[in-house]
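User: I'm new to reading protein structures and would like a close look at just one part. Could you walk me through how the two domains of chain B meet?

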Amino acid sequence: MSELGFSKSEMMIAAAARELATARVCFVGVGLPNIAVNLAKRTVAPDLEMVYEAGVFGARPARLPLSIGDPTIVTGATAVVSMFELFGYYLQRGLVDVGFLGAAQIDRFGNINTTVIGDYERPRTRLPGSGGACEIAINAREVFVIMRQSKRSFVDRIDFRTSPGNLGGAEQSEAIRRAGGWNGRGPSVVVTDLGIWHFDDTGEMRLDSLHPGATLEEVRATIAWEPKVSADLQTTPPPTAEELRLVREELDPGGIYTK
Amino acid sequence: MTGKVTSMRDAVAALVRDGDTVAIEGFTHLIGFSAGHEIVRQRKRDLVLARMTPDVIYDQMIAGGVARKLIFSWLGNPGVGGLNAIRRRIEPASLAGEPPLEIEEYSHFGMVARYTAGATNLPFMPLRSYFESDLPKANPLIRPIKSPYSDEVLYCVPPLNPDVAIIHAQRADASGDTQIWGLLGCQKEAAFAADRVIVVVEELVDESVVRADPNRTVIPGLIVDAVVVEPFGAHPSYVQGAYDRDNRFYLDWDPISRDEDKVQAWLREWVYDLPDRAAYVEKLGAERIASLRPGPAPSGSVDYGSYR
């Protein structure tokens, strides 16, 4: 907790939730996306249809799901389907507006690694792998990413491309996505503990908003490349009292995501 | 009503053989922990373990030395962190001269597609995934295929036909007609893809219960070899409507799994030194079990109609 009255993680989660204000159908990834999307459902996007890869469309979780397969996503849901149906009929059919993912490593074009740190055959650190992320990155209409910034995570070259983003840049990405019949346009926003990044015309991340208390020096010190910064850099509005109450009392009373 | 009903000990002894490809499926929900523990207890060896999300059960089984290879799509302790016993068998820094666990890795849809190809007797299943990903380089069984109807190039995966699928469920009758509600994962596909199927249930019911609600039947007795009745057999995972995930266990497993000696001590205390699941449940204690009971949320009933 900082002197601002909220933590960096709380700011990140609130900012990520607000990005979902106009989304209708969101595929909820494991970890930080789970709490961000559940906060959005309780604030800016009450009509949001939450899709969980475990096989749920239209979840109405009464508590924050402990994992993305929690029984609370089943009780009261619109539909429970097999995972073949979920990935086939809902995702591959093109019905998902936003895929909300986390990442261990990301590059300037939004390509994501969740597989290994180091060499694949002889990894320094074995990470969980794709799960559904690879097909979500390809088939969700757009991709939102939520992750903390550090020199280890915002890297020049990711060690393994688990899930494609804007590949080598927007021009190449658009051509390959069109030719390959992908449903998805690729990543559109990355929300971190320091700010909000969108992707410019070249397909590269651009810092558009800095969270209260964060500085550009901090941003540069936690990223491996010289970042693009918007000429019209905004300050992210701080978390509202209601956002903080929901996170602290309803969604994450144990402080698992917000420590 | 005896039918295919047998004990876990006999089912695993008869149907799981050294070297088999074994799929214990169930996505977060209905994970067959009691079956996994029995496989460890019987010291099966050289298994190829397939499962979308290896979860704590495969961490325990691999620590128990039953496996030579793992086929998977997401390797983690859900909501907690990594699977440390498995990581020790993959990361060279911690191998200490032992051969690494062989791995074969997909995405979730890729694993589902493999079981689906296996269940439908097809040589491959195409999907719109893996484009521009490094996964096909890491796993050469993920291959591009040109559509015979257009210029489109997709990726495809081969069928996965386990020797044995083990499925935990809410209920079955003595013939193995099995009903599940809540998350369905890929259990149906895994069961139809497998040569042998063991169903483990919370409750054995009369055939009339199944016939009163046939839409809920996921696996027909036709493909089931053994029915094992083991209440709380999915603990510490959950069974929709019966018990919640025991999250304390998943959290506790993290520090245990970071230390090989602690893992082996845990396996001794909770697997090798216990005869069966009933003893595990008794050791767990009534209070712990009671704390996992959800409140009620019954479904409405439907009228199938009587047509004579």
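Analyst:
**Where the two domains meet**

Across the interface of domain 1 of chain B and domain 2 of chain B, three residue pairs are in polar contact, with both residues of each pair at pLDDT 80 or more. That pLDDT score is there since what you're looking at is a predicted model. On the domain 1 side, strand S5 (102-105) and helix H5 (108-119) of chain B each bring at least two residues to the surface that touches domain 2 of chain B. H5(B) gives the largest share of that side, four residues.

And salt bridges? The count between domain 1 of chain B and domain 2 of chain B is zero.

Now let's step back and see what is being joined. Domain 1 of chain B comes in two stretches, 5-123 and 160-291, while domain 2 is 126-157. Taken over C-alpha atoms, their centres are 30 Å apart. Where they touch, eight residues of domain 1 of chain B are in contact with eight residues of domain 2 of chain B.

How much area does that hide? People often give the size of an interface as the accessible area lost when the parts come together. Here, domain 1 of chain B and domain 2 of chain B bury about 700 Å² between them. Of that buried area, 66% is on carbon and sulfur atoms.

So, to keep in your head while you turn the model: eight residues on each side in contact, three residue pairs in polar contact, zero salt bridges, and H5(B) as the largest contributor on the domain 1 side.

Technical notes. Residues numbered from 1 in each chain as written. Chains lettered and ligands numbered in written order. Predicted model: local features only at pLDDT ≥ 70, side-chain atom pairs only at ≥ 80, totals over all residues. Heavy atoms only, no water. Domains from an automatic or database assignment. Contact = heavy atoms within 4.5 Å. Buried area = accessible area lost by both parts, 1.4 Å probe. Salt bridge = Lys/Arg side-chain N within 4 Å of Asp/Glu carboxyl O. Polar contact = N/O pair within 3.5 Å; in protein donor to acceptor, adjacent residues only side chain to side chain.
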